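Here is a friendly walk through one protein model, meant to be read with the viewer open. Turn the structure as you go, and pause wherever something catches your eye.

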Amino acid sequence: MITVKAPAVYVHEANILEQSGSRIAQLGQHVLIIAGESALKTVQPNLLPSLEEHQVKFHVQLFRGEVTTGQIDAFTQQAFDLDVDLIIGVGGGKVLDLSKAVAEQAGLPIVTVPTIAATCAAWSALTVLYDDQGRSAGYRPLRRSPDLVLADAHILGSAPRRYLAAGIGDTLVKWHEFAVNLSGNATSLTLRNSVSTAKLALDILEAHAIDVYESTDTSGSTPQFHDVADAIIVLAGLVGSISDGSLHAAIAHGLHDSLTKLPETHTSLHGEKVAFGLFTQWILEGKAGDELHELLTLLHKLNLPITLAQLGIQQQSQEAAARIAAGLQLREGSAVHLSFGVSTAQVTEAILQADRIGRAFIASSKFSESGNSSESISHTKEVSSL
């Protein structure tokens, strides 16, 4: 059986929140808005007046902390107490994931308003769970995706570039995570669909990600920015929208989940942890030379982590790598589709090797930037040969 979960309507336009009231009023007349504090300040000048213009009554509740089952229960109870008929989630991935889970638990429609292009949370039928300490606590599949996604191009374009880079990192990973599963599961139509969709996202990011990330334009109005933002939200979301129950091993995301168990990584964003997970996966795959150098160059230009220190792990790298590897949990039976090993020992060594290569690459880049061309060439050759 194939299941398809995608938003009923996705709108990505400049200043769309100024006209949001008419669309939202078709879904509900009494709304609970769940928002991050900075996200609320961003949308307040346009979203709230538009709701008032269309006689949509609303209550605003700020969300802080982690997406825990307790938080979901508390916000759901508030939705019941207020007797609302619609949930609107405003903010980044955690706020949107919480809002989606609350809407489903309360049996209400949901509108998502992403204020950063850092994940596909605005689109997906999934909530990522954590405990009170910020450690990964599994996933809650949802019965459906949001009813309406309102992505304001100006808001996304003016968000801090670090979030955009994290979204690019999270989306780059999709193709690499799914494609390695094809060797043992090539008959799965949904897997082949996911790989094809992820490849389109990868092509867009390889063509435009660096230029968009480095651009001083914050209007979000260029075609290149639209393509990149849609790759992060729409295409990455579509990769997981179609399922037939077949298994695939998501190594980079599994390493992300394990990294959350280390408190020192909690200042790193989701996409940043996933990017290092991809680097580690490439080591496991045996990639080297120019191919590996190309990935390192891309991640480094996006200021995405390629060393343990950049993730916040400053000491005892051997112990940290062992803990991360031991915490990697892939879906039971999924590893059989891979053409390379993922034992705890192999993953530990891959993490350490990635860290060594990453540190050598950064040293090489610093020499290059300082004009030390001869040393730069030497270090680049060393990295390319690993």
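What follows covers the sheet, the helices packed on it, and then the cavities and a pocket. Please keep in mind that this is a predicted model.

**The sheet**

A good place to begin is the open sheet, which is formed by six strands in the order 2-9-6-5-3-4. The pairing in this sheet is parallel. Strand 2 (9-13) and strand 4 are the edge strands, and each of them pairs on one side only. If you look across the sheet, the twist from one strand to the next averages 15 degrees.

Two of the strand pairs can be followed in more detail. Strand 6 (residues 110-114) runs parallel to strand 9 (residues 148-152), and two bridges join them. For T112, the bridge partner in strand 9 is V149. At the other pair, strand 3 (residues 30-35) and strand 4 (residues 57-62) are parallel partners with six bridges. Here A35 sits opposite L62 of strand 4. How does the chain get from strand 3 to strand 4, and which hand does the crossover have? The path goes through helix 2 (residues 37-53), and this β-α-β crossover is right-handed.

**Helices on the sheet**

Next, look at what packs on these strands. Strand 6 and strand 9, as said, pair over two bridges. Helix 3 (residues 69-82) packs on the sheet and touches strand 3, strand 4 and strand 5 (86-91). The direction of helix 3 makes about 155 degrees with that of strand 3. Helix 4 (residues 93-106) also packs on the sheet, with strand 3, strand 5 and strand 6 as the strands it touches. Between the directions of helix 4 and strand 5 the angle is about 170 degrees.

**Cavities and a pocket**

Rolling a probe the size of a water molecule over the atoms shows where empty space is left. In this model, the count is two cavities of 30 Å³ or more. The table sets them beside the second largest pocket.

| Space | Volume | Lining by class |
|---|---|---|
| Largest cavity | about 40 Å³ | six nonpolar, no polar, one charged residues |
| Second largest cavity | about 30 Å³ | six nonpolar, four polar, no charged residues |
| Second largest pocket | about 350 Å³ | nine nonpolar, two polar, six charged residues |

Which residues line the largest cavity? They are A117, L156, A159, P160, R161, L164 and F225. Around the second largest cavity you will find G91, G92, G93, L96, P114, I116, A118, T119, A121 and A122.

The second largest pocket has a volume of about 350 Å³. It is lined by 17 residues, and those closest to its centre are E206, W282, E294, L295 and L298. Helix 6 (161-179), helix 8 (189-214), helix 11 (270-285) and helix 12 (289-301) are the elements that give two or more residues to this lining. Which element gives the largest share of the lining of the second largest pocket? That is helix 12, with six residues.

Terms used: Residues are numbered from 1 along each chain as its sequence is written. This is a predicted model: local features need pLDDT of at least 70, side-chain atom pairs count only at pLDDT 80 or more; totals for chains, interfaces and linings use all residues. Side-chain values use heavy atoms; hydrogens and water are left out. Two strands pair if DSSP finds at least two bridges between them. Helices (H or I, at least four residues) and strands (E, at least two) are DSSP runs, numbered from the N terminus. A crossover is right-handed if, with the strands pointing away from the viewer, the path from the first strand over the helix to the second runs clockwise. Axes are lines fitted to C-alpha atoms, for helices over the stretch in contact, and angles run from 0 to 180 degrees between N-to-C directions. Contact means heavy atoms within 4.5 Å. On a 1 Å grid over the protein atoms alone, a cavity is a set of points where a 1.4 Å probe fits but cannot get out, and a pocket is an open set with protein on both sides within 12 Å along at least five of seven lines; lining residues have an atom within 4 Å of a point. Grid points are joined across faces, edges and corners, and a volume is the space filled by probe spheres set on the points. Ala, Val, Leu, Ile, Met, Phe, Trp, Tyr, Cys and Pro count as nonpolar, Asp, Glu, Lys and Arg as charged, and the others, Gly among them, as polar.
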